[in-house]
Amino acid sequence: MSDETTPEQLRQHIKDLDAEIAELRRLDGDAQARRGEDGGESEGNVENEELATELTGIAENEAVIDVLVQRRESLETRLRAAE
């Protein structure tokens with residue numbers, strides 16, 4: 001984005017980020033919920049490698065969400081300055 005981004009473009013970028021953040025939070029919630037699941041057919045054992053992969057995915061997802069939230073805040077600041 002250049003410094004010549006219009007307020008409407010900034011609003012659209014913010015809207016897009018909101019949608020992306022919401023989807024990542026939904027996926028993160030799903031992953032968190034799966035961590036606690038123990039279905040009726042489950043033996044109650046989770047492979048260490050599978051658990052590590054899920055935990056890594058959750059941590060990475062949270063890091064991406066943090067970056068997107070920071071980007072959104074930056075765009076909001078630019079929007080306020082442009083209006």
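1. A network of salt bridges links Glu8, Arg11 and Glu83. This note concerns a predicted model, and the network is taken as the point of entry. A search of the whole structure finds six salt bridges.

2. Within the network, arginine 11 pairs with glutamate 8, their closest N and O atoms lying 3.5 Å apart. The two residues are three apart in helix α1 and are therefore separated by about one helical turn. Arginine 11 also forms a salt bridge with glutamate 83, at 2.4 Å from N to O. Because arginine 11 belongs to helix α1 and glutamate 83 to the segment after α2, this pair ties together parts that are 72 residues apart in sequence. Arginine 11 is partly exposed, at 35% relative accessibility, whereas glutamate 83 is exposed, with a relative accessible area of 60%.

3. Another salt bridge joins the side chains of glutamate 23 and arginine 26, with 2.7 Å from N to O. These residues, too, are three apart in helix α1, about one helical turn. Glutamate 23 has a relative accessible area of 37% and is partly exposed; arginine 26, at 42%, is also partly exposed.

4. Aspartate 28, found in helix α1, deserves separate mention. The residue is buried yet has no salt bridge. Its nearest side chain of opposite charge is that of arginine 25, 7.4 Å away; a salt bridge requires a side-chain nitrogen within 4 Å of a carboxyl oxygen. Leaving out residues up to four places away in sequence, aspartate 28 touches Ile58, Asn61 and Glu62.

5. As to the overall fold, the protein chain contains two helices and zero strands. Of the contacts between residues at least 6 apart in sequence, 83% join residues at least 24 apart. Buried residues account for 17% of the 83 residues in the chain. The accessible surface comes to about 6300 Å², and carbon and sulfur atoms contribute 47% of that surface.

6. In soluble globular proteins, nonpolar side chains tend to be buried together. Here the largest nonpolar core has nine residues: Leu10, Ile14, Leu17, Ile21, Leu24, Ile65, Leu68, Leu75 and Leu79. The elements giving two or more residues to this core are α1 (7-36) and α2 (48-82), and α1 supplies the largest share, five residues.

7. Leucine 17 belongs to this core. Apart from neighbours within four places in sequence, leucine 17 is in contact with Leu68, Arg71, Arg72 and Leu75. Of these partners, Leu68 and Leu75 are among the core residues.

Terms used:
Residues numbered from 1 in each chain as written. Predicted model: local features only at pLDDT ≥ 70, side-chain atom pairs only at ≥ 80, totals over all residues. Heavy atoms only, no water. Core = buried A, V, L, I, M, F, W, Y, C linked by side-chain atoms within 4.5 Å. Buried < 20%, exposed > 50% of the residue type's maximum accessible area, 1.4 Å probe, protein only. Helix = DSSP H or I, 4+ residues; strand = E, 2+ residues; numbered from the N terminus. Contact = heavy atoms within 4.5 Å. Areas by Shrake-Rupley, 256 points an atom, 1.4 Å probe, with all protein chains shown as cover. Lys, Arg positive; Asp, Glu negative; His and termini not counted.
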